[in-house]
Amino acid sequence: MAQRAISPKLSQALIALGSNLGDSYTILESALEALNQSSGIRVEAQSHWYKTKPIGPPQPDYLNGCALLQTTLTPHALLATLFAIEAEFGRERRERWGARTLDLDLLLFDDVILQTPDLQVPHPRMNQRAFVLVPLAEIAPDWIEPRSQRSILELARAIDTSDIQPLSSRSGAKLSRFAKRGEALPHPSSLIPKSMPLGSEPPQLLEHRLTYKGRKFDFEVNRLRLPNQSEGDWECIRHPGGALVIPVTSEGKLVLVNQYRFLVQGRLLEFPAGTVEIGENPLETIQREIEEETGYRGNQWQKLGEFFLAPGYSDEVIYAFLAQDLQLLEHPPEQDEDEDIQTVLMTPEEVEKAIYAGDLTDSKSISSFMLARPILLGSS
Ligand code: A4P
Ligand code: MG
């Protein structure tokens, strides 16, 4: 009798990845690659990586993240594969909760609840752990944790997440090779400008259509209902913010940069500025950027203000500063490889003229100059 081929059942599983020994970023990315190459497993989505404070005995900070797998394996066979990959990356089991090159935990497997001596699913401690729930909420916000019957997003919102920080792209993170899927999530709270009256009239999220996670910012399309009840699709750029400086030399000249901008196919005159890295504060950002872009170090700093750059489609906030007591560095840091920048010195009067003549057209530079004008030119 002819045998009918039985196609193996396809399941979805969520795993947690952690590392706090060795080159954790490379280990974690390579472990995902190894999983994707393993028989019966496909990596469907991965979260960002997060720097997290250790739970357990004193040890270095962890890098943690989560991934969504599609698998034809049983839960036990999947656990065996996770162990094999841990071993491949030099994992030694010494003390419980101790430092490790790679920890792979099975968090959830379809809606299975399993209580065996060597495997418990859902992972018994996942609901208390921010280092699990926050990355998990990026890729599976609506997944119902079968013991509590609560969604991952609800569980993530119920715990303290102050000890975890998304890894900044400058620390090595790059575009992931695996698609990232997920609901629109609020920005990490560290990025929400606290002094701004945000969030008092939230829209209702009807449907999350698309997310593209980029190196510097993310793009989303959401179907929303606004407070006035109108509905529609909104495209938006989720941006961690930008920091800008107006540097003033001891001669009273302002330091600007002439920078190639591919979108305008030419050079623009601007004040030095840079993207706030995730987890960084804007003053740190701009103190780094001014040295990279101009070779000057600012020794005296003053906040000028903060403003939205283009709130119709982006939540980017510009944090503007004034720097005085400049010092030209003998060995300035290298410019970012992708930048082409020359510095230009101008008096405040020349800058104002350039704005009105249409020679300085960068909006964040114009706005910041207006904030600094009373200091630079008096209130006339
Ligand atoms: N085991 C049972 N169920 C599972 C499951 N769902 N997934 C058994 C994986 N393993 C499961 O695990 C111990 C035993 O648990 C295994 O033999 C397996 O059969 P392990 O990986 O050898 O040891 P472990 O990871 O130290 O223990 P455990 O209990 O899994 O620890 P946790 O709860 O995972 O905590 N702090 C930060 N910031 N980030 C971390 O990633 N990780 C831990 C480990 C502690 N503190 C941390 C982090
Ligand atoms: Mg483990």
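These exercises work through a predicted model of a protein chain with a bound ligand.

**Exercise 1. Overall make-up**

Task: State how many helices and strands the protein chain has, and what share of its residues is buried.

Solution:
- Start with secondary structure. The protein chain has seven helices and 20 strands.
- Turn to burial. The chain has 380 residues, and 33% of them count as buried.
- Then take contacts between residues at least 6 apart in sequence. Of these, 67% join residues at least 24 apart.

**Exercise 2. The shell around ligand 1**

Task: Find which residues are closest to ligand 1, and which elements give two or more residues to its shell.

Solution:
- Count the shell. It holds 22 residues.
- Pick out the closest. They are Gly18, Thr52, Ile55, Tyr62 and Leu106.
- Assign the elements. Strand 4 (62–71), strand 5 (103–109) and strand 7 (119–121) each give two or more residues.
- Sort by character. Nine shell residues are nonpolar, six are polar and seven are charged.

**Exercise 3. The nonpolar cores**

Task: Describe the largest nonpolar core and say which element gives the most to it.

Solution:
- Recall the general tendency. In soluble globular proteins, nonpolar side chains tend to be buried together.
- Size the core. The largest one has 48 residues.
- Find its hubs. Leu14, Ile15, Ala31, Cys66, Leu106, Leu107 and Leu136 have the most contacts inside it.
- List contributors. Elements giving two or more residues include strand 1 (11–19), helix 1 (24–37), strand 2 (41–46) and helix 3 (130–139).
- Rank them. Helix 3 gives the most, with seven residues.
- Look at one hub. Beyond its neighbours within four places in sequence, Cys66 is in contact with Leu14, Ile15, Ala16, Leu17, Ser47, Val132, Pro135, Leu136 and Ile139.
- Check for another core. A second, separate one has 28 residues, among them Ile246, Val248, Phe369 and Ala372.

**Exercise 4. A three-stranded sheet**

Task: Give the strand order of the open sheet of three strands, and explain why one side of strand 11 and of strand 13 has no neighbour in the sheet.

Solution:
- Read the order. It is 11-12-13, with antiparallel pairing.
- Locate the edges. Strand 11 (204–213) and strand 13 (231–238) each have a single partner strand, so one side of each is left without a neighbour in the sheet.
- Note the twist. It averages 20° from one strand to the next.
- Examine one pair. Strand 12 (residues 218–225) and strand 13 run antiparallel and are joined by eight bridges.
- Name a bridge. Val221 has Glu235 in strand 13 as its partner.

Note on methods
Residues are numbered from 1 along each chain as its sequence is written. Chains are lettered from A and ligands numbered from 1 in the order in which they are written. This is a predicted model: local features need pLDDT of at least 70, side-chain atom pairs count only at pLDDT 80 or more; totals for chains, interfaces and linings use all residues. A residue is near a molecule or strand if its C-beta atom, placed from the backbone, lies within 6 Å of it. Helices (H or I, at least four residues) and strands (E, at least two) are DSSP runs, numbered from the N terminus. Ala, Val, Leu, Ile, Met, Phe, Trp, Tyr, Cys and Pro count as nonpolar, Asp, Glu, Lys and Arg as charged, and the others, Gly among them, as polar. A residue is buried if 20 or more other C-beta atoms lie within 10 Å of its own, exposed if 12 or fewer, and partly exposed in between; C-beta atoms are placed from the backbone. Two residues are in contact if their C-beta atoms, placed from the backbone, lie within 7 Å. A nonpolar core is a set of buried Ala, Val, Leu, Ile, Met, Phe, Trp, Tyr and Cys residues joined through C-beta atoms within 7 Å. Two strands pair if DSSP finds at least two bridges between them. Axes are lines fitted to C-alpha atoms, for helices over the stretch in contact, and angles run from 0 to 180 degrees between N-to-C directions.
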